[in-house]
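Let us read a structure together, one feature at a time. Have a look first, and then we can talk it through.

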Amino acid sequence: MCDSCGCDHGPGGVTIALPGGRPAAVAEDHQHGKTLRVEQEVLGKNNHLAARNREWFRAHNILALNLVSSPGSGKTTILEQTIRRLSGAIPVAVIEGDQQTLLDAERIDATGVPVVQVNTGAGCHLDAGMVHRALHALTPPDHSLLLIENVGNLVCPAMFDLGEAAKAVIISVTEGEDKPLKYPAMFAAARLCLINKIDLLPHLDFSVERCLEYARRANPDLTFFILSARTGDGMDGWLTWLHDAVRPAA
Ligand SMILES: Nc1nc2c(ncn2[C@@H]2O[C@H](COP(=O)(O)OP(=O)(O)O)[C@@H](O)[C@H]2O)c(=O)[nH]1
Ligand SMILES: [Mg+2]
C-alpha cells in the first residue's frame, strides 16, 4: 500500500539520485494501474494503425523515413538540401509535423515537392493515424521516398511507430554529445543517426568520437552520417544510402 495516497501501487518508474551516486530519499510519481492501462490502449491502437501504414508503404514500394530530433537540430534544412541534391532522381514527398504553423511546409513547398503539414496542437509527437490522414491528402507516388519530419522532441516520438521503415535521429553538434546518454530510448528506436552542423565544430568542444560512442551504447547497430546541411560536407554518404534504399520500379 502506498502511504501518501492509499493506492495499491508502490512508488514506480521515477528514481531520484544525487551526483556521485549518493542515494536521495524521494521517489516521486506513482504508476497507477489506470494510467498504464490507458497508455497501453493508446499505444496498442497506434501500433495497429502503424501496421496498416507499413503494409500500404510495402504494397506501393514507398520508403518512409521518420526524422526525429530536438527542435532546431536541422531536420527541415536536411530535408531541403536532400531534396535539392537528389534533384528529381528519386520522387520525394514530405509530411511535416509541428505543434503550430505552416513554416516548415512552406520551406519544403519552395523545393517543389509535394508536402502536407500536420499541426499537433498540444501534442508532442506524430502518431500513425495522423500519418494515415496525411497520406490521403498527399497521395505519394509508387516507388518513392516519403520523408516525415516529426515534432521536435527527443522523448515521445520514440514510442510512436508511424509505420516507417526506419527512424532517423538527428543530433546537432551544438546540443552537446551527451544526448544519446540522456535520451537513450530515441537512439535505441532509430536505425540511422545523422550528426549535423559539423561546420560549427571549430567553435565548440563537441567530440564526435564521444558522441558516436554514447550513441552506440544505446544502439550498437546504428548507421551514422556525419554532415553539415549548411556546407554539404558529408551529405554524399547520406544521399548514397537513400539511392540504395529506395527500390526503383521493377
Ligand atoms: N551552421 C549550421 N546551421 C544549420 C545547419 N543545419 C541547420 N542549421 C540551422 O539551424 C537552425 C534550425 O534548423 P531547422 O532546419 O529549422 O531545424 P529543425 O527545427 O530541426 O527543423 C536554422 O537556423 C538552420 O539554418 C548546419 O549544418 N550548420
Ligand atoms: Mg523543422
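What follows is a short dialogue between a learner and a teacher.

Q: What kind of model is this, and how are residues, chains and ligands labelled?
A: This is a predicted model, in which local features need pLDDT of at least 70 and side-chain atom pairs count only at pLDDT 80 or more, while totals for chains, interfaces and linings use all residues. Residues are numbered from 1 along each chain as its sequence is written, and chains are lettered from A and ligands numbered from 1 in the order in which they are written.

Q: How do I read the sheet, and what is the order of its strands?
A: Strands of a sheet pair through backbone hydrogen bonds, either parallel or antiparallel. Here seven strands form an open sheet, β3-β2-β4-β1-β5-β6-β7, with parallel pairing. Strands (E, at least two residues) and helices (H or I, at least four) are DSSP runs numbered from the N terminus, and two strands pair if DSSP finds at least two bridges between them. The edges are β3 (115-119) and β7 (223-226); each has a single partner strand, so one side of each lacks a neighbour in the sheet. From one strand to the next the twist averages 20°. As an example of pairing, five bridges join the parallel strands β5 (residues 166-172) and β6 (residues 192-196), and Ala168 has Leu192 in β6 as its bridge partner.

Q: Which strands does helix α7 lie across?
A: Helix α7 (residues 208-218) lies across β5, β6 and β7, at about 160° to β6. Such angles run from 0 to 180 degrees between N-to-C directions, with axes fitted to C-alpha atoms, for helices over the stretch in contact.

Q: How do I describe two packed helices, and at what angle do α1 and α4 cross?
A: Two packed helices are described by the angle between their axes and the distance between the axes. The axes of α1 (residues 33-59) and α4 come within 8 Å and cross at roughly 35°. On the α1 side are Asn46, Leu49, Ala50 and Asn53, which meet Ala128, Gly129, Val131 and His132 of α4; contact means C-beta atoms, placed from the backbone, within 7 Å.

Q: How many residues are in the largest nonpolar core?
A: In soluble globular proteins, nonpolar side chains tend to be buried together. The largest nonpolar core has 55 residues, and those with the most contacts inside it include Val94, Leu126, Val131 and Ile148. Such a core is a set of buried Ala, Val, Leu, Ile, Met, Phe, Trp, Tyr and Cys residues joined through C-beta atoms within 7 Å. Helix α4 gives the most to this core, with five residues.

Q: Is Glu96 buried or exposed?
A: Glu96, in strand β2 (residues 92-98), is buried because 28 other C-beta atoms lie within 10 Å. The cut-offs are 20 or more other C-beta atoms within 10 Å for buried, 12 or fewer for exposed, and partly exposed in between, with C-beta atoms placed from the backbone. Beyond four places in sequence, the contacts of Glu96 include Asp104, Ile108, Val115 and Glu149.

Q: Which sign does phi have at Ser87 and His143?
A: Most residues other than glycine have a negative phi, and most peptide bonds are trans. Ser87 has a positive phi near 35° and sits in the loop between α2 and β2, where Ser87 is exposed, with 7 other C-beta atoms within 10 Å. His143 has a positive phi of about 60° and lies in the loop between α4 (128-138) and β4 (145-149).

How values were computed
Contact = placed C-beta atoms within 7 Å.
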